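The report below describes how helices pack in one model and which residues form its nonpolar cores.

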Amino acid sequence: MTEFDPVPESDTARRRWQEGTDTFGRVYDAVLGVTSPTSYTEIAELADCSPNAAKKHLERLAEMGIVRADRENSPAQYQRNDGYLEWQDASRIANELSIDEIIDRVAALEERRTEYEDQFGTTDPTEVSVFDHDDHEAVHKRMTAINEWQGTIRDIRLYELARQLSQNDGHLIPA
């Protein structure tokens, strides 16, 4: 294996998901799957490539804004940039829906958020305790509702971003 050998020896199961995926694609997929700062050596293992190849591609992804790099640690730590992924989702929505469809979707989501606020008597889902009941089923229902409420809040933010992108020809700020 050379210093930048893209695919070291690996098991058969791992090779199947890599067919047709180059080293950059595997590193990209691996870093998007991690949820906390991770060393480039660990990402190299996930992407089944050499640490030097992983670091090279992670640095490129950091320059592109797709990942965040913490070079103060040794070895350097990388994690996905959730803001970039939200912008990517909003951009997809802006391309797929009209401004009116986006506005209608935001209105429906805001209505749902209001229903959750009325149900729990607060505007902040983090203020709700899900363990106020002894009944396991009731706790499970409250946990599900809180999770959906937080998803609704996230979707409102995402569709609002999509609306801004649509109304400003793909820019967040009017030109």
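## H3 against H4

In this predicted model, H3 and H4 are roughly perpendicular to each other (65 to 115 degrees), since their axes cross at roughly 105° and come within 8 Å. Tyr40, Thr41, Ile43 and Ala44 of H3 form the contact with Pro51, Ala54, Lys55 and Leu58 of H4, where contact means heavy atoms within 4.5 Å. By class, this contact has six nonpolar, one polar and one charged residues.

## H5 against H7

Helix H5 (residues 82–96) packs with helix H7 (residues 136–167) at an angle of about 60°, the axes lying 8 Å apart, and the two are therefore oblique to each other. Their crossing is right-handed. On the H5 side the contact includes Trp87, Ile93 and Ala94, which meet a set of H7 residues including Leu158, Leu161 and Leu165; the residues of this contact divide into nine nonpolar, two polar and four charged.

## Nonpolar cores

The largest nonpolar core (buried residues, under 20% relative accessible area, joined through side-chain atoms within 4.5 Å) has 22 residues, and those with the most contacts inside it are Val27, Val31, Leu58, Leu61 and Tyr78. Helices H2 (23–33), H3 (40–47), H4 (51–63) and H5 each supply at least two residues of this core. Apart from it lies another core, of 12 residues, among them Val106, Leu109, Leu161 and Leu165.

## Basis of the values

Residues are numbered from 1 along each chain as its sequence is written, and side-chain values use heavy atoms, with hydrogens and water left out. Local features need pLDDT of at least 70 and side-chain atom pairs count only at pLDDT 80 or more, whereas totals for chains, interfaces and linings use all residues.

Key:
Axes fitted to C-alpha atoms, helices over the stretch in contact; angles between N-to-C directions. Helix = DSSP H or I, 4+ residues; strand = E, 2+ residues; numbered from the N terminus. Parallel < 35°, antiparallel > 145°, perpendicular 65-115°, else oblique. Left-handed = near helix turned anticlockwise from the far one by under 90°. Nonpolar A, V, L, I, M, F, W, Y, C, P; charged D, E, K, R; others polar. Buried < 20%, exposed > 50% of the residue type's maximum accessible area, 1.4 Å probe, protein only.
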